[in-house]
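Visitor: Before we begin, could you put the model on the screen and take me through its strands and its ligands?

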Amino acid sequence: MKRNILITGGAGFIGSHVVRLFVNKYPDYRIVNLDKLTYAGNLANLKDIEEKPNYTFVRADIADLEEMRRVIREYEIDGIIHLAAESHVDRSIKDPFTFARTNVMGTLALLQAAKEYWESLPEKYDGKMFYHISTDEVYGALELTHTEGTPAPFTTKASAGEHMAFGTEFFLETTKYNPHSPYSASKASSDHFVRSYHDTYGMPVIVTNCSNNYGPYQFPEKLIPLFINNIRHGKPLPVYGKGENVRDWLFVEDHARAIDLIFHEGKVADTYNIGGFNEWKNIDLIKVIIKTVDRMLGNPEGHSDHLITYVTDRLGHDMRYAIDSRKLQAELGWEPSLQFEEGIEKTVRWYLDNQEWMDNITSGDYERYYDDMYKNR
Ligand code: NAD
Ligand code: TYD
């Protein structure tokens, strides 16, 4: 079947994996990647597919309603996978307005433009889909009841072996929203707008809430690529607070596979949580990263341990995120494909093998921004 699919934020981390998967897997689809190319957008992430005949790039701002109307009409879009967002919690603490503008007003402009176009067609919403990518952070924070971790009640391939849970509660699709950071508040607000377009106008929508992603092409302000790069340069590794916060990590290609499955087979107006039952305390994860990078660089074990530097905690730092993704596994048969150890090996190897990609991003403006952020901690 021919389809015209708009993927927003396709030049970013997760978006680039989704664009690559769709362009390669569906030669009959026209994939339009719409991205503003903020500091986080990088067309070098898509070098391998940019010449493909079913791929088009449009540089635009999702908050520009007129432009969204034009693009959706011009390309006769029938499916939207919406990833464009401001995505970094630390930036949202410094500049919440940009997050409200892009994540809330941008999502609303995209919804409105899609509504107007789809309602103008004879078949209306038939065969249409607005798929909104959200985060587990909208649910707030879970309590850390077990500081050492206990064997988890569920396992998946990603966590097989030694999955530990640091608390008894997990985020379910029915968990009440309770966002704390300006980032998560803006994502929660956008999720509500998406659902309101279904409930009010009958637009077919799906929302998914995923845990922390890791893998190639992630902007090096996020924990894993930042720390890999800092170890390579012998720079300090700023651990917020005591390093005891817990995150639930999923390999980005597994997220992209879930998005593909849900876009095609998910139930309209439904919500799915995506995660690999793979919780790690920050400090334990950091030790695994140090060990892996040192080994791959040929350094003796323990060589970079001294780089660990405890710094002032993030304001309002959420203690624990842990997703229960059994609904997605039971209803659509999705499972993460990688065990965490394999995922980390692949990820560290990729960053060390792609130093030019990293150096291009971290030179100039970003280096100055990062040094300023770090100095202020
Ligand atoms: P990212 O910051 O790497 O990429 C965001 C992309 O959106 C960039 O290419 C940027 O240029 C583009 N963009 C930003 N503002 C724009 C605007 N106004 N108009 C058009 N394009 C704009 O983010 P990511 O980590 O790939 O996250 C993608 C989505 O997934 C986000 O919606 C995020 O909330 C969600 N998410 C991320 C994670 C994670 O761990 N990274 C986890 C769950 C959900
Ligand atoms: P991050 O990658 O920013 O993702 P999120 O805040 O969306 O979960 O951070 C992951 C965890 O690592 C989070 O608990 C904050 C912590 N962290 C540090 O300790 N130091 C850092 O320099 C960064 C960027 C994050």
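The conversation below takes up the sheets and then the surroundings of the two ligands.

Guide: This is a predicted model, in which local features need pLDDT of at least 70 and side-chain atom pairs count only at pLDDT 80 or more, while totals for chains, interfaces and linings use all residues. Residues are numbered from 1 along each chain as its sequence is written, chains are lettered from A and ligands numbered from 1 in the order in which they are written, and side-chain values use heavy atoms, with hydrogens and water left out.

Visitor: Which are the edge strands of the open sheet of seven strands?

Guide: Strands here are DSSP runs (E, at least two residues; helices are H or I, at least four), numbered from the N terminus, and two of them pair if DSSP finds at least two bridges between them. The sheet has the order S3-S2-S1-S4-S5-S8-S12 with parallel pairing. The strands that pair on one side only are S3 (55–59) and S12 (271–274).

Visitor: Which residue in S4 is the bridge partner of Ile5?

Guide: Strand S1 (residues 3–8) runs parallel to strand S4 (residues 79–82), and four bridges join them. In S4, the partner of Ile5 is Gly79.

Visitor: What angle does the direction of helix H1 make with that of S2?

Guide: Helix H1 (residues 13–25) packs on this sheet and touches S1, S2 (29–35), S3 and S4, where contact means heavy atoms within 4.5 Å. Axes are lines fitted to C-alpha atoms, for helices over the stretch in contact, and angles run from 0 to 180 degrees between N-to-C directions. For H1 and S2 the angle is about 165°.

Visitor: Which residue in S13 does Arg247 stand opposite?

Guide: A further open sheet consists of three strands in the order S9-S11-S13, with mixed pairing. Within this sheet, strand S11 (residues 246–251) and S13 pair in the antiparallel sense over three bridges. The residue in S13 opposite Arg247 is Trp280.

Visitor: How much of the accessible area of ligand 1 does the protein cover?

Guide: Around ligand 1 there are 28 residues, the closest being Ile14, Asp35, Ser87, Tyr183 and Lys187, where a residue is near if one of its heavy atoms lies within 4 Å. Among the polar contacts (pairs of N or O atoms within 3.5 Å), a side-chain N or O atom of Asp35 is 2.6 Å from an oxygen atom of ligand 1, and a backbone N or O atom of Lys36 lies 3.1 Å from a nitrogen atom of the ligand. Of the 830 Å² of accessible area that ligand 1 has on its own, computed by the Shrake-Rupley method with a 1.4 Å probe, the protein covers 97%.

Visitor: Which strand supplies the largest share of the shell around ligand 1?

Guide: H1, strand S5 (129–135), helix H5 (182–201) and strand S9 (212–214) each supply at least two residues of that shell. The largest share, three residues, comes from S5.

Visitor: What percentage of the area that ligand 2 exposes when taken alone does the protein bury?

Guide: Of the 18 residues around ligand 2, Glu137, Pro238, Arg247, Arg314 and His317 come nearest. A polar side-chain atom of Arg314 lies 2.5 Å from an oxygen atom of ligand 2, and an N or O atom in the side chain of Asn212 is 2.9 Å from an oxygen atom of the ligand. Taken alone, ligand 2 exposes 510 Å², and the part that the protein buries is 97%.

Note on methods
Polar contact = N/O pair within 3.5 Å; in protein donor to acceptor, adjacent residues only side chain to side chain.
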